[in-house]
Amino acid sequence: MENSVYLQPAIHRRGIGLQLLQRLIAECEARGYRQMIAVIGDSANAASIGVHSRCGFEMIGTHPNVGFKFGRWLDTCDDATRASGEGATTLPADDATATRR
């Protein structure tokens, strides 16, 4: 699944984004999801990159100059990923028996 957490600028830098992302991760793990992806819309967005890093995401790719916003070209930090729950350490229940046949 892909995550999105947006905060109004008036409430930035209070730890709210971190709390929301942690709660979202916990909810997704409880539902059995195995992988979470973040597409950060600006490679200069140190706050978002930092929050995702603190939650265990690894940056695995950047697409340079793919968006234009506020009068400048933006990169995306694409596919910051984080394993959830068992991740890829076990087979999904539906596929476990099919793989053994």
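How much surface does the protein expose, and what share of it do carbon and sulfur atoms supply?

1. The protein exposes about 7200 Å², and carbon and sulfur atoms supply 52% of that area; accessible areas come from the Shrake-Rupley method with a 1.4 Å probe, and for residues only the protein chains shown count as cover.

2. Please keep in mind that this is a predicted model, in which local features need pLDDT of at least 70 and side-chain atom pairs count only at pLDDT 80 or more, while totals for chains, interfaces and linings use all residues. Residues are numbered from 1 along each chain as its sequence is written, and side-chain values use heavy atoms, with hydrogens and water left out.

3. The protein has three helices and three strands, and along the sequence these follow the pattern α-β-α-β-β-α. Helices (H or I, at least four residues) and strands (E, at least two) are DSSP runs, numbered from the N terminus.

4. On overall dimensions, the protein has a radius of gyration of 16 Å, where a compact globule of 101 residues would have one near 13 Å; the radius is taken over C-alpha atoms, and the globule rule is 2.2 Å times the number of residues to the power 0.38. The C-alpha atoms fill a box of roughly 55 × 30 × 15 Å, taken along the principal axes.

5. Of the 101 residues, 24% count as buried, where buried means under 20% relative accessible area, exposed means over 50%, and partly exposed lies in between (1.4 Å probe, protein chains only). Among contacts (heavy atoms within 4.5 Å) between residues at least 6 apart in sequence, 58% join residues at least 24 apart.

6. The count of disulfides comes to zero, a disulfide being a pair of cysteine sulfur atoms within 2.5 Å. The sulfur of cysteine 28 has its closest cysteine sulfur in cysteine 55, and because the separation is 12 Å, this is too far for a bond. Cysteine 28 counts as buried because its relative accessibility is 9%, and cysteine 55 likewise counts as buried at 9% relative accessibility.

7. Glycine 61 is found in the loop between helix 2 (46-54) and strand 2 (62-69), and this glycine counts as partly exposed because its relative accessibility is 26%. The C-alpha atoms of glycine 61 and arginine 23, which are 38 residues apart along the chain, are separated by 25 Å.
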